Amino acid sequence: MILTEELITEKNQTSITEFVLIGFSNHPKLQIPLFIIFLFIYTITLTGNILIILVTTMDPALQNPMYFFLRNLSSLEICFNLVIVPKMLTNFLIEKKNISYAGCATQMYFFFFFGAAECCLLAAMAYDRYVAICNPLRYLDIMNRRACFQLAAASWFSGFPVSIVQTTWIFSLPFCGPNTVNHFFCDSPPVLELACADTHMFEIEALSATVLFIMFPFLLILLTYVRIIVAILRIPSAEGRHKAFSTCSSHLVVVTLFYGTATSTYFRPKSNYSPDTKKILSLSYTIITPMLNPIIYSLRNKEVKGALKRTLNYIPVL
């Protein structure tokens, strides 16, 4: 990401050239244990999502739209983690926890980009499950290769508008000091608190963007699942209902985890939550959920578990 001329110009005008990420430094004795814990989580996240990508790409039994979207979700989770976790891990080991002005803007840009993309991709996955359950005979015709690529591309590129507008607007504000961000990454609410200007208009715009890129996809998912549940209840046999629900249960768990913590954070930016509580909420959807996603899809899906076993057996033992 190359910063726009507006951001570069504003950087030259402001008195702040870097920010300090407090992170979890108020617990100095826990820095090394926290580093080990989050490094372990990061390793599990990368390993699990890479395995999902490999398995859904290589296994012939998983060449259908559902696993195409799952592959995209795993790719997004890897990118989402790369934006935040390496810098956070580094800050556990160093005393000077600084991030440059441009680095903070870049981190925030990609955080918005991948976050908005994930919201839209989860909605696309819900639509895929809706077609599979409510129109099973036409599923492959509706969710053909072209439709899948279009939905995936629209999800990925949906992050551009919100990331460009939000980041440019925030970093066009003057920052006169202090420069201490009470968070473990450059998220908009704690950075906005440091601006030396009236941020009322930005907060209105940010709320509008949140509704558009978080709540609108969530409402689509909610409406989709209402239709799915109605369709499942019409299935005469208990076995048929169970089988139909099992195909979308993993996605439903992932949506609940992601949206539950994200909405708590961004729909209450000036809430009574303590800074530590906000950090824990942010950890839930930025670090914990990406780790759990491949586990959830593996444990709750017999096809994925079978494909994982076949893939691991195929890998030669050195």
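In what order do the three strands form an open sheet? The order is β2-β1-β3, with mixed pairing; here, two strands pair if DSSP finds at least two bridges between them. The edge strands, β2 (98-100) and β3 (180-181), each pair on one side only. Strand β1 (residues 18-21) runs antiparallel to β2, and three bridges join them. One partnership to look for links E18 with S100 in β2.

This is a predicted model, in which local features need pLDDT of at least 70 and side-chain atom pairs count only at pLDDT 80 or more, while totals for chains, interfaces and linings use all residues. Residues are numbered from 1 along each chain as its sequence is written, and side-chain values use heavy atoms, leaving out hydrogens and water.

Overall, the protein has twelve helices and three strands, taken as DSSP runs numbered from the N terminus (helices H or I, at least four residues; strands E, at least two). Of its 318 residues, 49% count as buried, meaning under 20% relative accessible area with a 1.4 Å probe, protein chains only.

Turning to the interior, the largest nonpolar core has 90 residues. Such a core is a set of buried Ala, Val, Leu, Ile, Met, Phe, Trp, Tyr and Cys residues joined through side-chain atoms within 4.5 Å. Helix α4 (residues 101-134) supplies the largest share of this core, 21 residues. Among the residues with the most contacts inside the core are F19, F38 and L122. Not counting residues up to four places away in sequence, F38 touches M88, L89, F92, L283 and I287, where contact means heavy atoms within 4.5 Å.

Note on methods:
Buried < 20%, exposed > 50% of the residue type's maximum accessible area, 1.4 Å probe, protein only.
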